[in-house]
Amino acid sequence: MSKQIDFLKRCIALNLQSGGLLDLLDRIEELERERDTAWAQAHRLALELECLLLDTKDLPTVSRWWASGMEALDEWQKLF
C-alpha cells in the first residue's frame, strides 16, 4: 500500500508540475506575440518617420527636427 501511495504522490506532483509548465508555456507564447506586435509597430513608426522627414526636409519650421529624426532613423536601420 505504501508503494502505491508514493506512486500516486509522484503522479500528482508530476501533474502539478506539468500544469505549471503548460501555464508557463502559454505565458511565453503570449509574451512572444506581444514582442512581435511591438516590433511591427516600431517598424511602421520608422517608416512613417522616414516618410515625414523626406516630405518636410525643406520646410524651415521643421528643419531643426530633421537631423535628429534622421539620426534616430539611421540608428533604427542599423539594428537590421
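## Helix 1 and its negative patch

Glu-29 is a residue of helix 1, the helix that covers residues 2-56. The model described here is predicted. The relative accessible area of Glu-29 is 43%, which makes this residue partly exposed.

Glu-29 does not stand alone in charge. Together with Asp-23, Asp-26 and Glu-32, Glu-29 belongs to a patch of negative charge on the surface. Aspartate and glutamate are the residues counted as negative in this analysis.

## Overall architecture

The protein contains two helices and zero strands. Helix 1 spans residues 2-56, and helix 2 spans residues 63-78.

The protein has 80 residues, and buried residues account for 8% of them. A residue is called buried because its relative accessible area is under 20%. The accessible surface of the whole protein is about 7200 Å², and carbon and sulfur atoms contribute 62% of that surface.

## Salt bridges in helix 1

Side chains of opposite charge can pair when their charged atoms come close. In this model the count of salt bridges is three. A pair is counted because a side-chain nitrogen of Lys or Arg lies within 4 Å of a carboxyl oxygen of Asp or Glu.

One of these salt bridges joins the side chains of Glu-48 and Arg-44, with an N to O distance of 3.7 Å. Both residues belong to helix 1 and are four residues apart, so about one helical turn separates them. Arg-44 is exposed, at a relative accessible area of 59%, whereas Glu-48 is partly exposed, at 43%.

## The pair Asp-36 and Arg-35

Another salt bridge links the side chains of Asp-36 and Arg-35, where the N to O distance is 3.0 Å. Asp-36 has a relative accessible area of 43% and is partly exposed. Arg-35 is likewise partly exposed, with a relative accessibility of 43%.

## Helix 2 and its salt bridge

Within helix 2, which runs over residues 63-78, Lys-78 and Asp-74 are placed four residues apart, about one turn of the helix. These two residues form a salt bridge, and their closest N and O atoms are 3.3 Å apart. How exposed are the two partners, Lys-78 and Asp-74? Lys-78 is exposed, with a relative accessible area of 65%, while Asp-74 is partly exposed, with a relative accessible area of 35%.

Asp-74 also gives a point of reference between the two ends of a stretch of chain. Asp-74 and Glu-50 are 24 residues apart along the chain, and their C-alpha atoms are separated by 9.7 Å. Asp-74 itself lies in helix 2, and Glu-50 falls within the range of helix 1, residues 2-56.

## A nonpolar patch on the surface

Which residues form a nonpolar patch on the surface? They are Trp-39, Leu-79 and Phe-80, and together they have about 360 Å² of accessible area. Among them, Phe-80 is found in the segment after helix 2. Phe-80 has a relative accessible area of 58%, so this residue is classed as exposed.

## Summary of the surface features

The surface of this predicted model therefore carries patches of two kinds. One is the patch of negative charge that includes Glu-29, and the other is the nonpolar patch that includes Phe-80. The model also has three salt bridges, including the bridge between Lys-78 and Asp-74.

Definitions and conventions:
Residues are numbered from 1 along each chain as its sequence is written. This is a predicted model: local features need pLDDT of at least 70, side-chain atom pairs count only at pLDDT 80 or more; totals for chains, interfaces and linings use all residues. Side-chain values use heavy atoms; hydrogens and water are left out. Patches are made of residues with over 30% relative accessible area and no salt bridge: like charges are joined within 9 Å, nonpolar side chains (Val, Leu, Ile, Met, Phe, Trp, Tyr) within 5 Å. Accessible areas come from the Shrake-Rupley method with a 1.4 Å probe; for residues, only the protein chains shown count as cover. The place of a charge is taken as NZ of Lys, CZ of Arg, CG of Asp or CD of Glu. Buried means under 20% relative accessible area, exposed over 50%, partly exposed in between (1.4 Å probe, protein chains only).
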